[in-house]
Amino acid sequence: LTDGQGRVSCARTGSLSDVALDSSTDLISLHIPEQLYGRDEARSRLLTALSRARVGPPQFVLLSGAHGTVRSTLARELAATLDGGGYFVEGTCAPLGRDVPYAVFSSALGTLIEQIITSPDRELTAWRDALSTHLGPIASALAEIVPGLSLILSDLAPVPTIGPIET
């Protein structure tokens with residue numbers, strides 16, 4: 001760093017207190033546009049799936065592609081259109097979790113559980129009843145890989161130990 005006369009101030013005094021900042025330098029700022037460009041077809045397909053889900057059965061959409069292809073941005077843009085009328089669930093295939101079985105599903109279902117446990121009591125009870133009914137005896141095993149599931153389904157039986165032949 002130099003003082004106003006081009007001398008290295010820090011080396012001389014050990015302090016930066018006498019270094020004058022150059023007020024004539026223009027500040028440079030980075031503005032990232034909110035709008036996605038060139039993704040109209042993908043956006044349209046996602047909105048079509050959302051429209052189908054609003055009037056019919058739930059839809060499962062899988063976004064795939066190389067790093068930097070704005071999948072997350074597209075997905076979050078879709079999530080913003082829900083307006084409380086559904087659940088947005090996402091899971092990512094992070095490079096560090098590739099050796100963990102079912103990691104992407106565990107992550108995705110964990111985001112669903114986070115939304116469910118913040119639901120009003122009536123909705124939470126409906127979810128608890130539906131999950132208990134439909135998961136039955138596998139609920140305990142699923143609770144081991146889905147974060148928070150045990151918060152919704154209490155009193156889960158321990159997962160039975162099975163031998164190598166059964167696995």
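The exercises below work through salt bridges, one helix and a surface patch in a predicted model.

**Exercise 1.** Determine how many salt bridges a search of the whole structure finds, and identify the partners of Arg-43.

*Solution.* The search of the whole structure returns three salt bridges. Asp-40 pairs with Arg-43, where the closest N and O atoms are 2.9 Å apart, and the side chain of Arg-43 also meets that of Glu-77 in a salt bridge, at 2.3 Å from N to O. This second pair links distant parts of the chain, since Arg-43 belongs to helix α2 and Glu-77 to helix α3 (residues 71–80), with their positions 34 residues apart in number. Taken together, Asp-40, Arg-43 and Glu-77 are linked in a network of salt bridges.

**Exercise 2.** Explain how Asp-40 and Arg-43 are placed along helix α2, and classify each residue of the network as buried, partly exposed or exposed.

*Solution.* Begin with the general rule that an α-helix has 3.6 residues a turn, so residues three or four places apart point the same way. Asp-40 and Arg-43 are three residues apart in α2 (residues 40–55), and therefore about one helical turn separates them. For the classification, Asp-40 has a relative accessible area of 51% and is exposed, because the cut-off for that class is over 50%. Arg-43, at 16% relative accessibility, counts as buried, because it falls under 20%. Glu-77, at 27%, counts as partly exposed.

**Exercise 3.** Describe the salt bridge formed by Arg-76, including the location and accessibility of both partners.

*Solution.* Arg-76 forms a salt bridge with Glu-90, and the closest N and O atoms are 3.7 Å apart. The pair links distant parts of the chain, with Arg-76 in helix α3 and Glu-90 in the loop between α3 and α4, 14 residues apart. Both are partly exposed, Arg-76 with a relative accessible area of 47% and Glu-90 with 25%.

**Exercise 4.** Check the span of helix α4 against its expected value, then state which of its residues are buried and what covers them.

*Solution.* The 15 residues of α4, at 1.5 Å a residue, should span 21 Å, and the end C-alpha atoms are 21 Å apart, which agrees. The buried residues in α4 are Ser-106, Ala-108, Gly-110, Leu-112, Ile-113 and Ile-116. Their cover includes α5 (121–135), α6 (139–145) and α7 (149–152).

**Exercise 5.** Find the nonpolar surface patch to which Phe-105 belongs, and give its accessible area.

*Solution.* Phe-105 lies in helix α4 (residues 103–117). With Tyr-102, Leu-109 and Ile-145, Phe-105 forms a nonpolar patch on the surface, and together these residues have about 410 Å² of accessible area.

Definitions and conventions:
Residues are numbered from 1 along each chain as its sequence is written. This is a predicted model: local features need pLDDT of at least 70, side-chain atom pairs count only at pLDDT 80 or more; totals for chains, interfaces and linings use all residues. Side-chain values use heavy atoms; hydrogens and water are left out. Patches are made of residues with over 30% relative accessible area and no salt bridge: like charges are joined within 9 Å, nonpolar side chains (Val, Leu, Ile, Met, Phe, Trp, Tyr) within 5 Å. Accessible areas come from the Shrake-Rupley method with a 1.4 Å probe; for residues, only the protein chains shown count as cover. A salt bridge is a side-chain nitrogen of Lys or Arg within 4 Å of a carboxyl oxygen of Asp or Glu. Helices (H or I, at least four residues) and strands (E, at least two) are DSSP runs, numbered from the N terminus. The expected span of a helix is 1.5 Å times one less than its number of residues. Buried means under 20% relative accessible area, exposed over 50%, partly exposed in between (1.4 Å probe, protein chains only). Contact means heavy atoms within 4.5 Å.
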